[in-house]
Amino acid sequence: MTTVVAERQRGIGNAISDVFFVRPQLLTFLLLTPPLLWIGVVYIGSLFALLLQSFYSLDDFSGLVVHEFTLSTYKQLLEASNAQIILRTVTMAALVTVTSAIIAFPIAYYAARYARGWSKALFYLAVMMPLWSSYLVKVYAWKLILAKEGIITWFANVLHLRWLLDGILALPVVGGPSLSFSYLGTFLVFVYIWLPYMILPTQAALERVPVNFIEASADLGADPRQTFRTVIFPLALPGIVAGSIFTFSLTLGDYIIPQIVGNSRLMIGQAVYTLQGTAGNIPLAAAFTVVPMLIMAAYLWMAKRMGAFDVL
Amino acid sequence: MSFMSPAVRFQNVSRRFGSVRAVDGVSLDIEPGEFFALLGPSGSGKTTCLRLIAGFEQPDEGHIEIFGERADGVPPYRRNVNTVFQDYALFPHMTVGENVAYGLMIKGVGRAEREAKAKDALAMVKLAGYEVRRTAQLSGGQRQRVALARALVNGPKVLLLDEPLGALDLKLREQMQEELKTLQTSLGITFVFVTHDQGEALSMANRVAIFNEGKIVQVGTPSSVYERPTSRFVADFVGSSNVLPPEFAAAHGGHAMWTSLRPEKIQVSSKNNLVPAACAHATGTVTAISYQGAVTRITVATGKQALIASTPAGTDVRKGDSVTLIWPKFAMVAMGEDA
């Protein structure tokens with residue numbers, strides 16, 4: 001005689017499966033506990049410790065950290081030399097972000113709208129492949145490209161454009177003895193390294209704009225420029241904002257690129273690196289670290305206010 | 001623009017996609033003020049025709065005129081026609097009011113005026129007060145109405161509707177059919193709509209063009225295409241029909257041509273009734289009975305030819321019964337042969 005309800009299968013594995021099937025919340029709970037503990041304790045916890053450190057100060061005489069609450073470390077950030085580091089880094093991050101967005105948009109638009117089959121595969125390969133190779137290798141490669149003896153100088157000579165290159169290098173602030181020792185060089189490498197992080201989210205956002213929105217806009221009388229301004233761009237904005245979070249915050253925190261390609265003036269990342277290492281000034285290093293966090297928080301808040309996430 | 005120019009004129013229009021002729025030598029006049037249906041199975045070219053009128057597609061051959069003006073090469077944003085899209089294509093980053101006012105904003109109409117017009121348009125589709133809602137908060141039927149208001153607020157010469165009721169459930173669809181008809185009559189705008197639903201085409205349109213494989217196979221009023229199909233395809237696609245081969249038709253008092261006989265014209269009789277002179281008859285065995293609410297469809301095998309009769313519900317015929325089928329001879333419509 002057959003039964004409708006099968007007999008309970010023997011074995012511990014089956015028993016566990018049965019329990020989880022009947023109580024899916026239990027499975028969710030067990031799956032989430034380890035990562036939540038990790039994030040809660042290790043991640044947020046260390047961040048909190050960092051925040052705490054920034055409210056301590058360094059005793060100038062003994063070189064020891066004074067474990068007393070004070071805002072004096074933050075006051076140090078406002079001193080001219082430190083404020084300049086912050087201003088320099090934020091300006092660089094903003095320029096890198098804007099430039100990346102401008103370069104990334106047409107590429108992302110092409111990939112989302114027109115690339116199909118092999119050209120789409122090629123797009124993904126071209127955007128992702130640089131991410132597979134070592135960051136340091138890429139930066140050092142750029143140092144060679146930008147060096148006085150490098151290919152750019154050589155190319156400028158071949159094209160008889162050496163006067164142009166020298167003219168650019170002679171510019172105040174952004175120029176320098178060679179591209180590899182100038183802000184311009186640092187800027188170029190930043191844009192190169194972070195560009196994929198801007199292209200991919202922009203492309204993903206554009207991919208979600210259905211063709212018939214563009215047709216509907218044209219149908220209602222909008223020429224391609226108006227359609228871009230009123231339909232395509234607003235709908236791609238969340239992707240651009242997501243990309244800019246990457247490019248902006250990665251530039252704010254990076255200390256390797258400006259170290260290898262650039263002049264001796266510090267960026268925030270280098271300042272943190274020096275302060276917590278050789279200088280042993282953990283409180284000021286912590287205070288410097290808080291700056292990008294505050295800037296990002298303000299940036300996201302503004303993006304939200306502007307409605308950048310409304311369509312998500 | 002001449003006085004008598006049709007609202008839309010297709011002159012031998014073809015549109016190819018690769019090697020496929022989506023629209024193949026179509027000529028058609030749609031008169032001003034008509035409620036015109038493009039009916040056909042999917043892939044028959046009806047949607048491409050609508051997109052040719054809208055300007056999303058351009059003809060590879062032939063010409064299109066809208067109210068006497070040549071439209072070939074004119075992009076959609078320079079045509080005074082508007083479209084209600086199949087999935088409505090409402091902009092998700094705008095409110096309902098902004099969606100409706102979009103076309104006016106593009107034209108540079110001032111804020112106060114376009115808001116007033118958008119408000120009127122929403123009232124016209126019975127969505128007064130919905131201006132500030134987001135489109136995500138609307139039901140399917142409401143989105144449909146917003147899409148309609150967004151198109152009509154621009155005062156188009158021709159309104160194009162792409163499967164306008166396809167995504168709605170049955171009750172809502174019937175209601176919207178009525179509303180669209182009323183709206184069209186009161187506005188007097190030429191409506192052109194695409195559908196694969198023959199019932200919808202017959203009940204809403206003044207005239208219907210039936211498409212098959214990129215060509216128009218018949219144009220006419222709903223009753224003419226239903227009562228007098230000119231091809232087996234139309235007989236079969238519009239409503240359902242018994243398509244009789246020439247020999248069978250000739251043997252039953254018709255012409256020796258492919259012939260259409262509508263199921264509802266056939267009476268089913270289980271007794272050997274007297275057959276009036278104006279009627280034809282056939283005897284056979286019931287092979288299937290399908291209850292469909294208002295009617296019951298009875299399939300009868302008569303020799304080589306199976307016939308379907310549609311009778312009012314509540315028949316006492318059973319499967320396996322021997323029955324006589326009786327139909328008026330004039331109900332047999334001879335069609336021009338098509339393969």
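On the nonpolar surface patch of chain A, the largest share comes from α7(A), with 4 residues. Keep in mind that this is a predicted model. The patch covers about 1100 Å². Its members include Trp154(A), Phe155(A), Trp163(A) and Leu164(A). Helix α7, residues 151-158, and helix α8, residues 162-169, each supply at least two residues of it. Leu161(A) is also a member, and it lies in the loop between α7 and α8 of chain A. With a relative accessible area of 30%, Leu161(A) is partly exposed.

Next, the aromatic rings. How many aromatic pairs does the structure hold over all chains? The count is 22. One of them joins Tyr255(A) and Tyr273(A): the ring centres are 4.9 Å apart and the planes are at 20°, so this pair is stacked. The two residues come from distant parts of the chain, 18 residues apart. Tyr255(A) is in the loop between α11 (224-253) and α12 (257-260), while Tyr273(A) is in helix α13, residues 268-276. Tyr255(A) is partly exposed at 33% relative accessible area, and Tyr273(A) is partly exposed at 43%.

There is also a ring cluster in chain A. Ring pairs link Phe105(A), Tyr109(A), Tyr110(A), Tyr114(A), Phe228(A) and Phe233(A).

Two rings have a charge over them. In chain A, the charged end of Lys143(A) sits over the ring of Phe181(A), 4.6 Å from the ring centre. In chain B, Arg262(B) lies over the face of Tyr226(B), and the distance to the ring centre is 3.9 Å.

On to charge pairs. Side chains of opposite charge can pair when their charged atoms come close. Over all chains, the count is 18 salt bridges.

I will take strand β2 of chain B, residues 20-30, as the starting point. Arg21(B) forms a salt bridge with Glu61(B), at 3.9 Å from N to O. Arg21(B) is in β2 and Glu61(B) is in strand β4, residues 61-66, so the bridge ties together parts that are 40 residues apart in sequence. Arg21(B) is partly exposed, with a relative accessible area of 35%, and Glu61(B) is partly exposed, also with 35%.

Asp24(B) forms a salt bridge with Lys215(B), at 3.0 Å from N to O. This pair links Asp24(B) in strand β2 to Lys215(B) in strand β10, residues 215-220, and the two are 191 residues apart. Are the partners buried or exposed, or in between? Lys215(B) is partly exposed at 42%, whereas Asp24(B) is buried at 19%.

A third bridge in chain B joins Glu57(B) and Arg51(B), at 3.3 Å from N to O. Glu57(B) is buried, with 11% relative accessibility, and Arg51(B) is partly exposed, with 23%. Both belong to a network of salt bridges with shared partners, together with Glu215(A), Arg15(B) and Asp60(B).

Which residues does the chain A member of that network, Glu215(A), contact, leaving aside its neighbours within four places in sequence? They are Arg51(B), Phe56(B) and Phe85(B). Glu215(A) is found in helix α10 of chain A, residues 211-219. At 14% relative accessibility, Glu215(A) counts as buried.

Last item, helix α14 of chain A. This helix spans residues 282-305 and holds Ala297(A), which is partly exposed with a relative accessible area of 44%. The C-alpha atoms of Ala297(A) and Ala93(A) are separated by 15 Å, and the two residues are 204 residues apart along the chain.

Definitions and conventions:
Residues numbered from 1 in each chain as written. Chains lettered and ligands numbered in written order. Predicted model: local features only at pLDDT ≥ 70, side-chain atom pairs only at ≥ 80, totals over all residues. Heavy atoms only, no water. Phe/Tyr/Trp six-rings, centres within 6.5 Å; stacked < 30°, edge-to-face > 60°. Buried < 20%, exposed > 50% of the residue type's maximum accessible area, 1.4 Å probe, protein only. Lys NZ or Arg CZ within 6 Å of the ring centre and 35° of its normal. Contact = heavy atoms within 4.5 Å. Patch = residues over 30% accessible without salt bridge, like charges linked within 9 Å, V, L, I, M, F, W, Y side chains within 5 Å. Areas by Shrake-Rupley, 256 points an atom, 1.4 Å probe, with all protein chains shown as cover. Salt bridge = Lys/Arg side-chain N within 4 Å of Asp/Glu carboxyl O.
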